[in-house]
Amino acid sequence: IDGTLIITGGAGAASWRLAFDELYDIPADIGKFTDTGMTDPDVGRKTFEAVMHRAPERKEFTRLLERRLYYLHQTVEESEGYRVLAGVAELLPKLIEDGYLLGLVTGNLEAAAHIKLHRARLNRFFSFGGYGSDSADRVELTRCAVRRAELLAGQQLSREQALDVGDTPKDI
């Protein structure tokens with residue numbers, strides 16, 4: 001999503017910062033502790049461990065994820081740098097018209113993915129996906145997406161029938 005379909009203008013990082021600030025009075029900068037292509041749960045855990053100097057308890061982590069999603073609505077909507085990347089708005093309807101099933105493979109939690117795409121009204125193009133809420137393993141995210149595509153297609157799909165477009169080495 002980020003860097004492939006849209007740019008959020010830092011909305012994702014801002015939502016994490018607001019969540020940490022509300023819960024722990026620490027405006028945590030995820031960029032200091034995480035790498036591009038990590039899943040949202042990994043980003044949350046690594047940042048928590050870096051700023052709190054311990055692993056989060058389940059209740060704490062659940063609350064952190066909820067607060068992050070809460071703020072993500074606001075930060076995406078208010079982001080001045082939010083934009084759809086060139087060609088995306090033209091390409092997606094064409095692919096649908098040509099009969100392609102489109103899905104997402106992203107490290108975002110499923111809810112975060114849809115929040116980010118909602119502002120540009122891109123959700124409607126993606127009827128399935130593999131999300132950071134499915135697995136921390138990027139390869140497994142793709143497998144999840146393909147299994148869901150098979151359910152929609154009503155048949156098993158071969159590797160030749162799937163194309164994955166990404167923006168980080170972890171997408172390869």
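**Close-up 1. Glutamate 66 and its salt-bridge partner in helix α3.** In this predicted model, glutamate 66 has a relative accessibility of 34%, so the residue counts as partly exposed. Its side chain meets that of arginine 63 in a salt bridge, with 3.1 Å from N to O. Both residues belong to helix α3, where they sit 3 residues apart, about one turn of the helix. Arginine 63 is also partly exposed, at 41% relative accessibility. Side chains of opposite charge can pair when their charged atoms come close.

**Close-up 2. A salt bridge from helix α1 to helix α3.** Here glutamate 22 pairs with arginine 67, and their closest N and O atoms are 3.1 Å apart. Glutamate 22 lies in helix α1 and arginine 67 in helix α3, so this salt bridge ties together parts that are 45 residues apart in sequence. Take a look at the surroundings of each partner: glutamate 22 is partly exposed, with a relative accessible area of 36%, whereas arginine 67 counts as buried at 11%. The charged end of arginine 67 also sits over the ring of tyrosine 71, 5.8 Å from its centre. Together with the pair from the previous view, these residues make up a salt-bridge network of Glu22, Arg63, Glu66 and Arg67.

**Close-up 3. Arginine 148 reaches aspartate 134.** The whole structure holds 10 salt bridges, and one of them joins the side chains of arginine 148 and aspartate 134 at 2.7 Å, N to O. Arginine 148 is in helix α6 (residues 138–153) and aspartate 134 is in the loop between β4 (128–130) and α6, so the bridge connects parts 14 residues apart in sequence. Arginine 148 is partly exposed, with a relative accessible area of 30%, and aspartate 134 is partly exposed at 29%.

**Close-up 4. Arginine 68, a buried charged residue of helix α3.** You will find arginine 68 in helix α3, and with 2% relative accessibility it counts as buried. A polar contact of 2.8 Å joins its side chain to that of aspartate 40. Beyond its neighbours within four places in sequence, arginine 68 is in contact with several residues, including Gly12, Ser15, Trp16 and Ala112.

**Close-up 5. An aromatic cluster of Phe20, Tyr24 and Phe48.** These three residues form one aromatic cluster. Phenylalanine 20 and tyrosine 24 both lie in helix α1, 4 residues apart, about one turn of the helix. Tyrosine 24 also pairs with phenylalanine 48, edge-to-face, at 5.5 Å centre to centre and 85 degrees between the planes. This second pair links distant parts of the chain, with tyrosine 24 in helix α1 and phenylalanine 48 in helix α2, 24 residues apart. Both tyrosine 24 and phenylalanine 48 are buried, and phenylalanine 20 counts as buried too, at 0% relative accessibility.

**Close-up 6. The largest nonpolar core.** This core has 36 residues, and the members that touch the most others are Leu5, Phe20, Leu104, Leu117 and Phe126. Two or more residues come from each of α1 (11–24), α2 (40–52), α3 (58–78), α4 (88–97) and α5 (110–118). Helix α3 gives the most, with 7 residues. For a closer look at one member, phenylalanine 20 is in contact with Ile26, Val51 and Leu64, among others outside its neighbours within four places in sequence.

**Close-up 7. A charge over a ring.** The charged end of arginine 45 sits over the ring of phenylalanine 61, at 4.4 Å from the ring centre.

Terms used. Residues are numbered from 1 along each chain as its sequence is written. This is a predicted model: local features need pLDDT of at least 70, side-chain atom pairs count only at pLDDT 80 or more; totals for chains, interfaces and linings use all residues. Side-chain values use heavy atoms; hydrogens and water are left out. A nonpolar core is a set of buried Ala, Val, Leu, Ile, Met, Phe, Trp, Tyr and Cys residues joined through side-chain atoms within 4.5 Å. Buried means under 20% relative accessible area, exposed over 50%, partly exposed in between (1.4 Å probe, protein chains only). Contact means heavy atoms within 4.5 Å. Rings of Phe, Tyr and Trp (its six-membered ring) pair if their centres lie within 6.5 Å; planes under 30 degrees apart count as stacked, over 60 as edge-to-face and the rest as tilted. A charge sits over a ring if NZ of Lys or CZ of Arg is within 6 Å of the ring centre and within 35 degrees of the ring normal. A polar contact is a pair of N or O atoms within 3.5 Å; within protein, one must be able to donate a hydrogen and the other to accept it, and residues adjacent in sequence count only if both atoms are side-chain atoms. A salt bridge is a side-chain nitrogen of Lys or Arg within 4 Å of a carboxyl oxygen of Asp or Glu.
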